[in-house]
Amino acid sequence: MTVTREGRICSFCGEPGGPGTDLPLVGGLGAQVCARCVDDFHEMLHDEDLMAAARSAFPWESMTDAELLATLPMIMASAEQNTAFAHEWVDLLRTRQVSWAEIGRALGVSRQAAWERFARKSGDKGATA
Ligand SMILES: [Zn+2]
């Protein structure tokens, strides 16, 4: 699986962004956040009423069923983006000749389990390395 920098979405609002778009994305550990969400969260962090509301309940607890259903595809897209990022990360490690045993150790699984999870999708046939 090859993940490009294009086609990324904001993990918080689901908007497509990144290079080649008008919506900058920054992120880490697979999560991406757009400039608008950064601005919204920044505003919230400096508003006592909004912070009190955020501390009292998760926002989705007051969402309607229709809102929850409309959000579900974005949650799945974000999850898929994170999974793709993990594959991209493992591909990078393999390009650097990091062994499946080391990758498995980092994940707390066997070399074979790491290979089964990541190699088949990336086309890496080096199960013994
Ligand atoms: Zn966003």
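In which loop is Phe12 found? Phe12 sits in the loop between β1 (8–9) and β2 (16–17); the legends below start with the whole chain and then return to this residue. This is a predicted model, in which local features need pLDDT of at least 70 and side-chain atom pairs count only at pLDDT 80 or more, while totals for chains, interfaces and linings use all residues. Residues are numbered from 1 along each chain as its sequence is written.

**View 1. The protein chain has five helices and four strands.** Helices (H or I, at least four residues) and strands (E, at least two) are DSSP runs, numbered from the N terminus. Read from the N terminus, the order of elements is β-β-β-β-α-α-α-α-α. The chain has a mean pLDDT (the predictor's confidence in each residue, from 0 to 100) of 86, and 88% of its residues reach 70 or more. Among the elements, the lowest mean pLDDT belongs to β3 (84) and the highest to α4 (97). Of the 129 residues, 12% count as buried. A residue is buried if 20 or more other C-beta atoms lie within 10 Å of its own, exposed if 12 or fewer, and partly exposed in between, with C-beta atoms placed from the backbone.

**View 2. Phe12 is shown in the loop between β1 and β2.** Phe12 counts as partly exposed because it has 17 C-beta neighbours inside 10 Å. Apart from neighbours within four places in sequence, Phe12 is in contact (C-beta atoms, placed from the backbone, within 7 Å) with Val33 and Cys37. The C-alpha atoms of Phe12 and Met74 are separated by 8.7 Å, although these residues are 62 apart along the chain.

**View 3. Strands β3 and β4 form a hairpin with two residues between them.** Strand β3 (residues 25–28) pairs with β4 in the antiparallel sense over four bridges; two strands pair if DSSP finds at least two bridges between them. Opposite Gln32 in β4 stands Gly27. In the turn, Leu29 has a positive phi of about 55° although it is not a glycine. Leu29 is exposed, because 8 other C-beta atoms lie within 10 Å. Side chains alternate along β4 (residues 31–34): Gln32 and Cys34 point to one face and are buried, whereas Ala31 and Val33 point to the other and are not.

**View 4. Helix α3 has a kink of about 30° at Leu72.** The proline Pro73 comes shortly after this kink. The bend at a residue is the angle between axes fitted to the seven residues ending there and the seven starting there. The end C-alpha atoms of α3 (residues 65–95) are 45 Å apart, which agrees with the 45 Å that its 31 residues should span at 1.5 Å a residue. The expected span is 1.5 Å times one less than the number of residues.

**View 5. Gln97 lies in the loop between α3 and α4.** Gln97 has a positive phi of about 70° and is not a glycine. Most residues other than glycine have a negative phi. Gln97 counts as exposed because it has 9 C-beta neighbours inside 10 Å.

**View 6. The largest nonpolar core has seven residues.** They are Val90, Trp100, Ile103, Ala114, Trp115, Phe118 and Ala119. The elements that give two or more residues to this core are α4 (100–107) and α5 (111–122); α5 supplies the largest share, four residues. A nonpolar core is a set of buried Ala, Val, Leu, Ile, Met, Phe, Trp, Tyr and Cys residues joined through C-beta atoms within 7 Å.

Technical notes: Contact = placed C-beta atoms within 7 Å.
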